[in-house]
Amino acid sequence: NADASTTGESALISMNNHWIANVATSITPLLEPDVTRPDPCVESTTAEETSPCSTAAEQAAAEQYCAALNGAIDSPYHNCFDDVDPAQLFEDCVFDHCADPSMACDTLQLYEEECQAAGELDFTSVVDACGVCNGDGTSCWPSCHALGDPHYSTFDGMRYNWQGQCEYVLTSDCRGGRRSASGFEVHVRNSRRRPLPGRQVTVTMAVAVRLPVLASTRLGSVMTLEMHRTQAQHRLNGRPLPTLPWADTNGNEIHANGRGLRVYVGTVGATVVWNAGSTVQVTLEAWSPLLNNTCGLC
């Protein structure tokens, strides 16, 4: 929990199974059962996109931001270049930066995930403790994230790895010792990834957010957002997502965030970001009543 102290909290690592969402723990899973249904083949009718960089200055700024992917020998990702070619993601990063700078960081995070998937861990991340690319770690409020296969960082800054394969409570409002006191809760589904030599690991495949509802809406008195790997799979109360950005009268907002989604829960000052890869981050604002009042893997 976010109390700026990690004293005694290492004991929580061996208790991660406590946060499994199933009948035994009396935690109701928020994600629908994982059923794979292949999509029909449909030829694309979309013309190739042109670069959104409208000036040479924009192009230069984008290339500087994405420089870690430029293949240079002094890149912090240099040790990974032989395993994962950065050329296409460098182009994607530049394109995204010119279209919306906030999207480009997702591409850098994606490359780091692909390096990890290839078994290359000897590189320097450009993502700081606040989840900011090329940042200095001083720009954030308390945050928790699960990254890669999966590496956890709690609100208190404690770091650990957890390879369980199930649906877990990532974080929940536990004011008064009662889980989900306000209705806010985040679940993650960890599934086994393709095996690597000598390693058996899992990754975060989907995320669900229970959104607090102060007054009944046309979607019901309880709202659950399911976030998956593709836009077509996302669901709000079991239905396809409405047009984004979306907001309700309860202070909940859903925004597109690159390939993923960003969710703001105004009643508790929490933001949940899912990159549609394997990274999820929960950030609490300085005034949030959840500070020092959360439970779960975070």
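**A tour of the cores and aromatic pairs**

Select Tyr152 to begin: at 1% relative accessibility, Tyr152 counts as buried, a word that stands for under 20% relative accessible area with a 1.4 Å probe and protein chains only, where exposed is over 50% and partly exposed lies in between. The model is predicted, so local features need pLDDT of at least 70 and side-chain atom pairs count only at pLDDT 80 or more, while totals for chains, interfaces and linings use all residues. Residues are numbered from 1 along each chain as its sequence is written, and side-chain values use heavy atoms, with hydrogens and water left out.

Add Tyr160 next, which counts as buried because its relative accessibility is 8%.

Now turn to the largest nonpolar core, which has 37 residues; such a core is a set of buried Ala, Val, Leu, Ile, Met, Phe, Trp, Tyr and Cys residues joined through side-chain atoms within 4.5 Å. Select Leu170, Phe184, Met227 and Val272, the residues with the most contacts inside this core. A second, separate core of 23 residues can be found by selecting Tyr65, Cys66, Val84 and Cys115, which are among its members.

From here, go to the aromatic rings, where rings of Phe, Tyr and Trp (its six-membered ring) pair if their centres lie within 6.5 Å, with planes under 30 degrees apart counted as stacked, over 60 as edge-to-face and the rest as tilted. The count by this rule comes to four aromatic pairs. Select Tyr77 and Phe123, an edge-to-face pair at 5.8 Å centre to centre with 80° between the planes. Both Tyr77 and Phe123 are buried. Returning to Tyr152 and Tyr160, you will find a stacked pair, 5.2 Å centre to centre and 20° between the planes.
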